[in-house]
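Dear colleague,

Please find below the structure that I am handing over to you. After it, I set out what was found in it.

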Amino acid sequence: MGKSAEEEHPVKAFGWAARDESGALSPFTFSRRETGDEDVRFKIMYCGICHTDLHRIKNDWGGSNYPLVPGHEIVGIVTDIGSKVKKFKVGDRVGVGCMVGACHSCDNCAADLENYCPKMIRTYNNTYLDGTITYGGYSDHMVANEHYVVRIPDNLPLDAAAPLLCAGITLYSPLKYFKLDKPGMHVGVVGLGGLGHVGVKFAKAFGAKVTVISTSPSKKKEAIEHLGADSFLVSRDPEQMQVTIHFPCFHKKKKKASI
């Protein structure tokens, strides 16, 4: 008979887990591994709520394994490091996003595209190298290989940094990859939801002209006055949508993004 989640590893942890497809979360005591030579352990201060978490806890996509501790927009303060860790020290502000492992031997890993690795390990609801289940950031502390840990700048509030580890990179990556990160570019952002508003802010920070395209006229004020978009189109208005849009032809080449 296998060990319980509380007994698998030596370091006790506490979190909130879904036990079934109802989507309800309840207190969950489990365990995390000891700090390995290349590991960074940190106290979790904030964890974003990604819509992926909502799908996973309800098993909307299938493949959810219960108990399931969601959360892959995780930020906190380093409390311990392994003997071979070079990039971090105790007290650093750090984060972990959507993945915590990969094979590190395939072509994708060699190209820093671990998210395309066939053996990529997700931050939660996946099986780690030691055969145990990964648990996410709806918990009190986290341990991960330093390769999958990022530093959070001192001038960026931790609570604001957390969503950048999934929603943020989802928008930042294509803007960089398609070279839309330069002044003078014109970027259209379709939808002003959780991802859309991040896209507007990134594009404006890059110096681009930004047009928000939305089905909701009520979002115009937020887009223009609060987020700094230059123009706003209501996609349900045929007259507004009579504009000429040029779509460049991109090569079918992989880009690095985590969703």
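The notes below go from the whole protein to single elements and residues.

Please bear in mind throughout that this is a predicted model.

**The protein as a whole**

The protein contains six helices and twelve strands. Its radius of gyration is 20 Å, close to the 18 Å that the globule rule gives for 259 residues, so the protein is as compact as a globular protein of that length. The C-alpha trace spans about 65 × 40 × 35 Å along the principal axes. Of the 259 residues, 44% are buried. Among contacts with a separation of 6 or more, 61% are between residues 24 or more positions apart.

The exposed surface of the protein comes to about 14,400 Å², and carbon and sulfur atoms supply 55% of that area. There are 32 positive and 28 negative charges, and the mean positions of these two sets lie 6 Å apart.

**Strands β4, β5 and β9, and Phe 88**

Strand β5 covers residues 93-96; Arg 93 and Gly 95 point one way from the strand, Val 94 and Val 96 point the other way, and all are buried. Strand β4 (residues 74-81) runs antiparallel to β5, and four bridges join the two. In this pairing, Ile 74 stands opposite Val 96. Strand β5 also pairs with strand β9 (residues 149-151), again in the antiparallel sense, over three bridges. Here Val 96 stands opposite Val 149. Val 96 therefore has a partner in β4, namely Ile 74, and another in β9, namely Val 149.Phe 88 is found in the loop between β4 and β5. With a relative accessibility of 7%, Phe 88 counts as buried. Leaving aside residues up to four places away in sequence, Phe 88 touches Val 40, Ile 81, Val 94, Glu 146, Val 149, Val 150 and Arg 151. The C-alpha atoms of Phe 88 and His 226 are separated by 36 Å, and these two residues are 138 residues apart along the chain.

**Helices α4 and α5, with strands β10 and β11**

In helix α4 (167-177), the buried residues are Ala 167, Gly 168, Thr 170, Leu 171, Ser 173 and Leu 175. The cover over these residues includes β10 and α5. Helix α5 takes up residues 196-205, and its buried residues are Gly 196, Val 198, Gly 199, Val 200, Phe 202 and Ala 203. They pack against α4, β10 (186-190) and β11.

Strands β10 and β11 pair in the parallel sense, with five bridges between them. In this pairing, His 186 stands opposite Lys 209 in β11. Five of the six residues of β11 are buried, so this strand is largely enclosed by the rest of the structure.

Ser 214 belongs to β11, which covers residues 209-214. Is Ser 214 buried or exposed? Ser 214 is buried, because its relative accessible area is 4%, and the cut-off for a buried residue is under 20%. Not counting residues up to four places away in sequence, Ser 214 touches Lys 219, Phe 232, Leu 233, Val 234 and Ser 235.

**Backbone features in the loops**

Most residues other than glycine have a negative phi, and most peptide bonds are trans. Some places in this model depart from that pattern, as follows.

- The peptide bond from Tyr 66 to Pro 67 is cis, with omega near 0°. Pro 67 is found in the loop between α1 (51-57) and β4.
- Asn 59 is not a glycine, yet it has a positive phi of about 60°. Asn 59 likewise lies in the loop between α1 and β4.
- Lys 179 is not a glycine either, and it too has a positive phi of about 60°. Lys 179 comes just after α4, in the loop between α4 and β10. With a relative accessible area of 54%, Lys 179 is exposed.

A glycine may be added here: Gly 207, just after α5, takes a positive phi of about 95°.

With kind regards

Notes: Residues are numbered from 1 along each chain as its sequence is written. This is a predicted model: local features need pLDDT of at least 70, side-chain atom pairs count only at pLDDT 80 or more; totals for chains, interfaces and linings use all residues. Side-chain values use heavy atoms; hydrogens and water are left out. The radius of gyration is taken over C-alpha atoms; the globule rule is 2.2 Å times the number of residues to the power 0.38. Buried means under 20% relative accessible area, exposed over 50%, partly exposed in between (1.4 Å probe, protein chains only). Contact means heavy atoms within 4.5 Å. Accessible areas come from the Shrake-Rupley method with a 1.4 Å probe; for residues, only the protein chains shown count as cover. Lys and Arg count as positive and Asp and Glu as negative; His and the chain ends are not counted. The place of a charge is taken as NZ of Lys, CZ of Arg, CG of Asp or CD of Glu. Two strands pair if DSSP finds at least two bridges between them.
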